[in-house]
Amino acid sequence: MTSKDFVRQSDGLGSAAAKSRSFWRLIRTDPPLLVGLLLLCAFGLFILFSASGGDEAVVQRQGLTMIVGIVMMLIVAQFNIHFFRSWAPSMYAAGIALLGVVLLIGVEAKGAKSWLDLPGLPSFQPSELMKFVVPMLVAWYLASRPLPPRFKHLFWSAVMILVPTALIILQNDAGTAIMVAMSGMFVVLLAGIRWRIVIGGALALLMVSPAWYLFLAQEHQRNRILTFFNPYRDPTGAGYNIIQSQIAIGSGGIYGKGYTLGAQSHLDFIPESNTDFILAVLAEEFGLLGILFLISLYLFVLVRGGYIAYRATDMFSRLLAGSITLTFFLYVFVNMAMVSGLLPVIGVPLPLMSRGGTSIVTLFIGFGLLMSIQTGGRVNVL
Amino acid sequence: MTGKWQLKDHEAERALFDRRLAVAAVFIALLFAALIAKLVNLQVFKHDYFSARSDGNRIHSQFVPPPRGLIFDRNGELLADNQPIFNLTVVREQVEDMEATLSFLSTLIRLNEDDIEQFNNRMRRNRVPFSSVPLRYVLTEEEKSRFAVNSHKLPGIAIEHQFVRHYPLAALTAHSVGYVSEINREELDRMSDADRENYGGSNHIGKTGIERTYEELLHGTVGYEIVEKNNRGQVMGTLDRTNPVAGKNITLHMDSRLQIAAGKALGDFRGAIVAIDPATGGILAMVSKPGFDPNLFVTGISSRDYKVLVTDEINTPLFDRSTNPYPPGSTIKPFLGLGGLHNGLVDYEFAIEDPGYFRLPGVSYRWGDYTLRTAIGGGHGHTNLQKAIYQSCDTFFYALGNRMGIDTIHQFMSQFGFGENFALDISYARTGVLPSREWKMASRGEPWYPGDTINSSIGQGYMWATPLQLATAVSIIANKGKVVQPRMLKEIEGQAFQEDIENAVPDVMLNDPDYWRFMEEAMTMVVHRPYSDTFRDYGTAYEAIAMADRDMSYKMAGKSGSAQVVGISQEILQSTDIIVSDLNKDHGLFIAFAPTENTQISPQIAIAVFVENGEHGSSVAGPIAKQVIDTYLLDILKIDFAAMEAAADTSISQVDD
């Protein structure tokens, strides 16, 4: 604890605000983050009700998943962050092992062989866990090295990032692989990797990408790229999703058509309106104002995440908190950009809005880590 | 390793991290700004465009076809109604693999190459995207349930119900009422833009008969519907609707009981019957046999069935014998005889001594009497006009025709509708040929020869008339010269239909109206003049009609005719599945009206019977006419002639002594 913290706490002693703050300290919960997340959950359920065509069962299941996620978040928050720090290598090793197991006996869904269906456990995707296990390990590794990281440290960080990424690509789940890689890269970026390496790497990627497109990319990936540049090359096939979602967004206008009055979504013109394309439903029914409201909710959570990273006491916590916050932003941005036609279609859900299971729980575990960092979770099992 | 810790500068590292965090915040702000810019572009600047696209997505204007007007007979019996059928339809946009779908469907329902070919034709017509196209009409209950079980495997395929035309009398009204069938490309091209819109929701259009003639009345006016559809083209709701105006229900003069009786009377013969109510000109029955099932055409006849219909060159079921011309033979003699009286060429007493043939002065060729093809030689002997009618003496009419000349014959006969179409609403009926000098020069490029007149005088040669024309002409005699043009349509929506007739045909005026009675008497003798000791002095149809029915309670006037068959194709002559000699047999004809010589009621029915290869008019066509007249007078009108006779102090002369 820094001396600043101490001073702030002493100031509040005896006041009602200080009492309530100490209550939240007691249960290791960050109230602003919790409020922000609860608002997002409520708004998400509200939109999902319309997007699912008033299907209460869908909304109930989503609400239940959120409750499970929140409970997981609160449990994770109880652990001291240094518990995770010390266990990071073991968790990473276990994660890699699970990814290996998935490759052997994994279950396939929607084209990706990423599910593990073990007896006695609910089926889950080990690749999802890697979204915070990878940054945890990289943060663990870099935090104890001088920053900005040297080339040797960067090399090993890259290995730590690329091994699980490669395994997830082998599962045929490119979307998750990109997000896992990015979550690790954010740590490296925040750790102060030199800009010329970043720019050099970006340029290299740019130069390699035509080769990837020509020789490695699969047919559907190529189609997505082509469709991104011209959705009307196949308006009833590959371009259908993006055309219809743009129509939904555009026809929503500034004020929207009204709750549950979105013609595009309720007449089933928007595919995946419950999951990846739920933003189109929101945009159609609540217009630009609705999206701005959602963006401000996200911004609130992002600012709080940034603040937690900024205020964290050690470099491991800072790097981890920063990476989790940036990964959350990446989800929000990539999904919104893809639905509005700013990026090619990548199967990325809109956090806390899209219908989903594992991804929501993973998200809350990430926020649990943020709360642990902020409140200094006291369970310290070493 | 411990050295590393010494190398760490916590304050510097923290400052570095904070800078990176700030950079990240800037990136986040920039990316959100880009996103919001994109959304503002979509939702503010392109809002109108996307609103229109959104409406275009879901809002569809569709036609609502009007129900087609029903066709009733004069007693309110349905001749054409609309019945629901269940069709299998396809929305092309929703079928992933058309070939696989069709082959799977063919395991569930009857679906042959013919159906698929017709389906492909329909697909090629201009078609609204996401609209359904019929694949198979008239599914059976079993097919419906087999499809229902598998429908989840067949996206884009659905069962739709539709009202289609149904003709209860089937083949009996195939030619007269006609039929509707799918609108074809040429018909669409011929339509005006307004009509094309009016047919936007209709699949069918009248092709023949009444269905075609009164298409405009029967079709009605198309309605419109603005509907909201989902992405599968299913209608989710109606936003606006203009109801269609149903086609008018129409009533024909036709009596379905008489139509059935006429069909039965013709039996297995090929031929035609046309019966007219002389007072109104209403067509009571109009039958052509053999017919075909018009219901087959409604839902798209299979090419195999169609081939059967068109390749049958002997029965030619599609050919309407009631409105197509044949040589009328001796049935024209009453008209020629009236022409002779009117022009003063003969009177009641005028007679010839018939040697059995006729020779033009200075020409050695003898025109024989076709009615005398018997072993017995000689002619009819002393023959006046009445005898020439009831004995059908050719020689008398050769001579009369020769004296009248073709110009007078043409002028006089045309008043009875020969060579013209008097029918008000049977525009497709042929006009036949009433030959004239001009006609022959125009069509053959040859001058008229006196011999041509001789042939024409007995309804051969160039003379051609349709059964409809013969029935019309004989109804004019029944009306004593008053011309009531034949017609099919009686009422529209229960209101009596009075057509504004332009250029109404004038009545036939004779110098002495008694000529009508005289000719009616002669024609009555054709049926009722019995055998006697006098050589060849009986009515030609006496044996077949009056003698065959001793209890006949009324009298009828008739005239038989036989016409030589002309031009049978070599192909038919060489075919093995028919007795060729049958095809060389003469056509038998009979025209009649009844009752006659009745002081209380005028003739109620005029009829023409045509029997292809019937050989004899009097013995084959005559009894058929009698049977139809019996049905009409006795069964339908239920006239009790005995009671009528008893009530009145009868003065009708009895001929059957």
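## Exercises on a two-chain predicted model

B:Ala170 is partly exposed, with 14 other C-beta atoms within 10 Å. Here a residue is buried if 20 or more other C-beta atoms lie within 10 Å of its own, exposed if 12 or fewer, and partly exposed in between, with C-beta atoms placed from the backbone.

This is a predicted model: local features need pLDDT of at least 70, side-chain atom pairs count only at pLDDT 80 or more, and totals for chains, interfaces and linings use all residues. Residues are numbered from 1 along each chain as its sequence is written, while chains are lettered from A and ligands numbered from 1 in the order in which they are written.

**Exercise 1.** Place B:Ala170 and state its phi.

*Solution.* Start with the location. B:Ala170 lies in the loop between strand S5 (157-166) and strand S6 (180-182) of chain B. Helices (H or I, at least four residues) and strands (E, at least two) are DSSP runs, numbered from the N terminus. Now the backbone. Phi of B:Ala170 is near 45 degrees, a positive value in a non-glycine residue.

**Exercise 2.** Do the like for A:Asn172, and classify its exposure.

*Solution.* Phi comes to about 70 degrees, positive although A:Asn172 is not a glycine. A:Asn172 sits in the loop between H7 and helix H8 (174-190) of chain A. Count the neighbours: 14 other C-beta atoms within 10 Å, so A:Asn172 is partly exposed.

**Exercise 3.** Locate the cis peptide bonds at A:Pro148 and B:Pro290.

*Solution.* Take chain A. The bond joining A:Leu147 and A:Pro148 is cis, with omega about -5 degrees. A:Pro148 belongs to the loop between helix H6 (126-143) and helix H7 (151-170). Take chain B. The bond from B:Lys289 to B:Pro290 is cis, omega near -5 degrees. B:Pro290 is in the loop between strand S12 (283-289) and helix H12 (295-298).

**Exercise 4.** How many residues of chain B are in contact with chain A, and which element gives the largest share?

*Solution.* Contact requires C-beta atoms, placed from the backbone, within 7 Å. By that test, 36 residues of chain B touch 40 residues of chain A. H2(B) gives the largest share of the chain B side, 19 residues.

**Exercise 5.** Describe the sheet S1-S8-S9 of chain B.

*Solution.* Strands pair if DSSP finds at least two bridges between them. Three strands form an open, antiparallel sheet in the order S1-S8-S9. Its edge strands are S1 (59-64) and S9 (235-242). Six bridges join S8 (residues 223-229) to S9. In S9(B), B:Thr242 is the bridge partner of B:Tyr224.

How values were computed:
Two residues are in contact if their C-beta atoms, placed from the backbone, lie within 7 Å.
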